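Work through the exercises below with the structure open. Each task is followed by a solution in steps.

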Amino acid sequence: MNPFSFVLLLLISTFFSISLSTTTFTFINKCHFTVWPAILPNAGHPPLSSAGFELPTAASRSLQSPPSWSGRLWARTGCVFHNSSNGSCATGETPPATLAEFSLAGGERNNIDFYDVSLVDGFNLAMVVEGGKGRCAATGCVVDLNQRCPAELRIGEGETAACRSACEAFRRPEYCCSGEFASPAACKPTAYSEVFKAACPKSYSYAFDYSTSTFTCADAGEFTVTFCPEGTPRYLK
């Protein structure tokens, strides 16, 4: 092979390694009970190698995502599975659930990852997202919001406790940012969303709460998602 061909091949190889780079998601469970992470790609994006799995206390597991992947992940609690497709969970099977949302970079010319932790669908577990080996800002909710949840939003107790959003609890457009309230100008924080925001200031508390809740990082390459980052139930701040 002549020198020119070798250099060209090296450049092509480097280009594709950058353009087709993957992102590693590492899940860590610091809760004092087993959780079952769930992963849902957004429309038009492929599923990861697992849509959900069991994660015992103090365990971790990593998965790879393709370039430009977009989706959400969360933890379920109190699950009983009879087989891989037949089972139920006390929390996280439906809202309320604490969500981590990602829209990953598409390659060399689109190298910005977007991520957030959302309480728009309610709260079931504390969660922290960290990226890029500490290069990217951490976000999430480290407070046990179940302990601060208004009585009218609270469901379950103990390890199966969760806190509904006002939208899910009352189905009113001013809480759901729907109908005549479907714009940032019309949909404002409510007394309920402010409880969430006061406890977890970096997390989405209602649909248009993006100014302090959406985070970006250039080519993070990896994200760590920690459930109950300071342990439960002893992590109140």
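**Exercise 1.** Determine which residues are linked with Arg72 in a network of salt bridges.

Step 1. A salt bridge is a side-chain nitrogen of Lys or Arg within 4 Å of a carboxyl oxygen of Asp or Glu. The model is predicted, so local features need pLDDT of at least 70 and side-chain atom pairs count only at pLDDT 80 or more, while totals for chains, interfaces and linings use all residues. Side-chain values use heavy atoms, without hydrogens and water, and residues are numbered from 1 along each chain as its sequence is written.

Step 2. Arginine 72 pairs with glutamate 101, with 3.1 Å between the closest N and O atoms. Arginine 72 is in strand E4 (residues 70-77) and glutamate 101 in strand E7 (residues 99-103), 29 residues apart; strands are DSSP runs of at least two residues (E), helices of at least four (H or I), numbered from the N terminus.

Step 3. Arginine 72 also forms a salt bridge with aspartate 121, at 3.7 Å between the closest N and O atoms. Aspartate 121 lies in the loop between strand E8 (112-118) and strand E9 (127-131), so this pair ties together parts 49 residues apart in sequence.

Result: Arg72, Glu101 and Asp121 form the network.

**Exercise 2.** Find the side chain that meets lysine 197 in a salt bridge, and decide whether lysine 197 is buried or exposed.

Step 1. The partner is aspartate 209, at 2.9 Å from N to O. Lysine 197 sits in helix H4, and aspartate 209 in the loop between H4 and strand E13 (215-218), twelve residues apart.

Step 2. Both lysine 197 and aspartate 209 are buried (under 20% relative accessible area; exposed is over 50%, partly exposed in between; 1.4 Å probe, protein chains only).
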